[in-house]
Amino acid sequence: MNLASQSGEAGAGQLLFANFNQDNTAVKRGSRATGPGHGHRAVVWSLAVGSKSGYKFFSLSSVDKLEQIYECTDTEDVCIVERLFSSSLVAIVSLKAPRKLKVCHFKKGTEICNYSYSNTILAVKLNRQRLIVCLEESLYIHNIRDMKVLHTIRETPPNPAGLCALSINNDNCYLAYPGSATIGEVQVFDTINLRAANMIPAHDSPLAALAFDASGTKLATASEKGTVIRVFSIPEGQKLFEFRRGVKRCVSICSLAFSMDGMFLSASSNTETVHIFKLETVKEKPPEEPTTWTGYFGKVLMASTSYLPSQVTEMFNQGRAFATVRLPFCGHKNICSLATIQKIPRLLVGASDGYLYMYNLDPQEGGECALMKQHRLDGSLETANEILDSGSHDCPLVTQTYGAAAAKGTYVPSSPTRLGKGRDTNLEAYADDLGAVGGTCLEDEASALRLDEDSEQPPMILRTD
């Protein structure tokens, strides 16, 4: 997400942008015996950081260090940098040319193609089927194979924040974006069949955040009021869950993120608290006749909700946070992600104060999450603030079973949702159409670019004088 202030000033350390890759892609790592391209598969999350001086990619395979796997300094003022899973494909936008999108093969350090648009590019989203470019009042849908413009959604309601979400699932390849600038309507668009799928009246206030789960069958929404988080089925638009983030104050929601197994949903804001909700349906037990005065009182209280105003009744039925995180700051833009690192569930928070914070999440008991590590987003070391206590990784957590698993590194979450079939592995030629002006293809071997490329983890640094 964009970490710069509304005035355009960069965050701490000249940061302009930070984002996590779409999922915990399995990357094949070779060994000396088998050579590159063969060997075991390791689950790796990656972090992309754009800054005044260029952009970097970091591997999040360990809590102990932020391993830099790539750096490019030939493009300054990078305000958007989006990597396609763990492939070499990266989409870049610079403040010096905010209407121009560059698609690059970062491993080779070459530009594949570029497109120019009629207005400032506010967001770019990628999956293995589509690349979406979001302008304030239009959306361009490109084919990821050849970058042709397949469809343009024009005259959308004003969307100055570039709010949109793209499912990473090949079979449920949906795009969500605001359908109104005054109320919280969500437009759901089928990017494969290129047609509108649904319009969901999600909130009374304008939308502030959107996020799909890994299967593309759930969509989380939040409004500018920021007190209620809702989850809808896709494409039907049925409300599945409703969570209350708070009552006392309205906040600005910065980020929503599902865990890969779809069991948890995190919501960060401009306050110091990150809420983590558990998506579980409580089975209703058959009603029992109360045997005490307290029981009778409870029964009468619940029965009275049918006579209360609808807003009060909804508050009784809204879920509360399963776990929380207390950040050491408030007021900073941030982005969060729920990842499994070293076989333990973690909450990751990248913030405009220049740090990446890593917290442990207890999937059984929830509660307040413990800060395990913090790293500078520019990759530099700062030992004084890097760790809370010596040996904090071995400290007991909330429950004995989870604490033992965390200490041994043996916790295995429920199986993540499988992505759809038919992953495309090659990019073809590039062309322009439908209002986006495409530049000449600058790489002759564009067709050799693999979208799900292996063996990309050795550190690679591209520097230009």
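How many bridges join strand 27 to strand 28, and do they run parallel or antiparallel? There are 8 bridges between the two strands, and the direction is antiparallel. Before going further, keep in mind that this is a predicted model.

Let's stay with that pair for a moment. Strand 27 and strand 28 make a hairpin with 2 residues between them. At the end of strand 27, Ile 341 has Ile 344 of strand 28 as its bridge partner. The loop between strand 27 (334-341) and strand 28 (344-351) is where you'll find Gln 342, and its phi is near 55°, a positive value in a residue other than glycine. That's worth a glance because most residues other than glycine have a negative phi. Gln 342 is partly exposed, at a relative accessible area of 37%. Strand 27, on the other hand, is mostly covered, with 7 of its 8 residues buried.

Gln 342 has company when it comes to phi. Leu 194 also shows a positive value, near 55°, and sits in the loop between strand 17 (184-190) and strand 18 (195-203). With 27% relative accessibility, Leu 194 counts as partly exposed, because buried would take a value under 20%.

For another backbone oddity, move along to the loop between strand 21 (228-233) and strand 22 (239-244), which holds Pro 235. The peptide bond leading into Pro 235 from Ile 234 is cis, with omega near 10°. As a rule, most peptide bonds are trans.

The two strands flanking that loop belong to an open sheet of 4 strands, ordered 19-20-21-22 and paired antiparallel. Strand 19 (207-212) and strand 22 are at the edges with a single partner strand each, so one side of each has no neighbour in the sheet. On average, neighbouring strands here are turned by 20° against each other, if direction is ignored. At the strand 19 end, 5 bridges tie strand 19 to strand 20 (residues 218-223), again antiparallel. Within that pairing, Ala 209 stands opposite Ala 222 of strand 20.

Now for the interior. Which residues have the most contacts inside the largest nonpolar core? They are Tyr 55, Leu 60 and Leu 101, in a core of 59 residues. Strand 8 (residues 89-94) supplies the largest share of this core, 5 residues. Leu 101 is a good place to zoom in: beyond its neighbours up to four places away in sequence, the residues it touches include Ala 91, Ile 92 and Val 93, along with Cys 113, Tyr 115, Leu 131 and Met 147. There is also a second, separate core of 20 residues, with Ile 276, Ala 323, Tyr 359 and Cys 369 among them.

One long-range link deserves a look too. Val 149, in strand 14 (residues 149-154), is buried, at a relative accessible area of 4%. The C-alpha atom of Val 149 is 7.3 Å from that of Ala 436, although the two residues are 287 apart along the chain.

Finally, a word on confidence. The chain has an average pLDDT of 78, and 67% of the residues score at least 70. Over residues 25-41 the pLDDT is below 50, and the model gives this stretch 39 contacts beyond near neighbours in sequence. Residues 453-465 also stay under 50, and there the model has 45 contacts beyond four places in sequence.

Definitions and conventions:
Residues are numbered from 1 along each chain as its sequence is written. This is a predicted model: local features need pLDDT of at least 70, side-chain atom pairs count only at pLDDT 80 or more; totals for chains, interfaces and linings use all residues. Side-chain values use heavy atoms; hydrogens and water are left out. Buried means under 20% relative accessible area, exposed over 50%, partly exposed in between (1.4 Å probe, protein chains only). A nonpolar core is a set of buried Ala, Val, Leu, Ile, Met, Phe, Trp, Tyr and Cys residues joined through side-chain atoms within 4.5 Å. Contact means heavy atoms within 4.5 Å. pLDDT is the predictor's confidence in each residue, from 0 to 100. Two strands pair if DSSP finds at least two bridges between them. Axes are lines fitted to C-alpha atoms, for helices over the stretch in contact, and angles run from 0 to 180 degrees between N-to-C directions.
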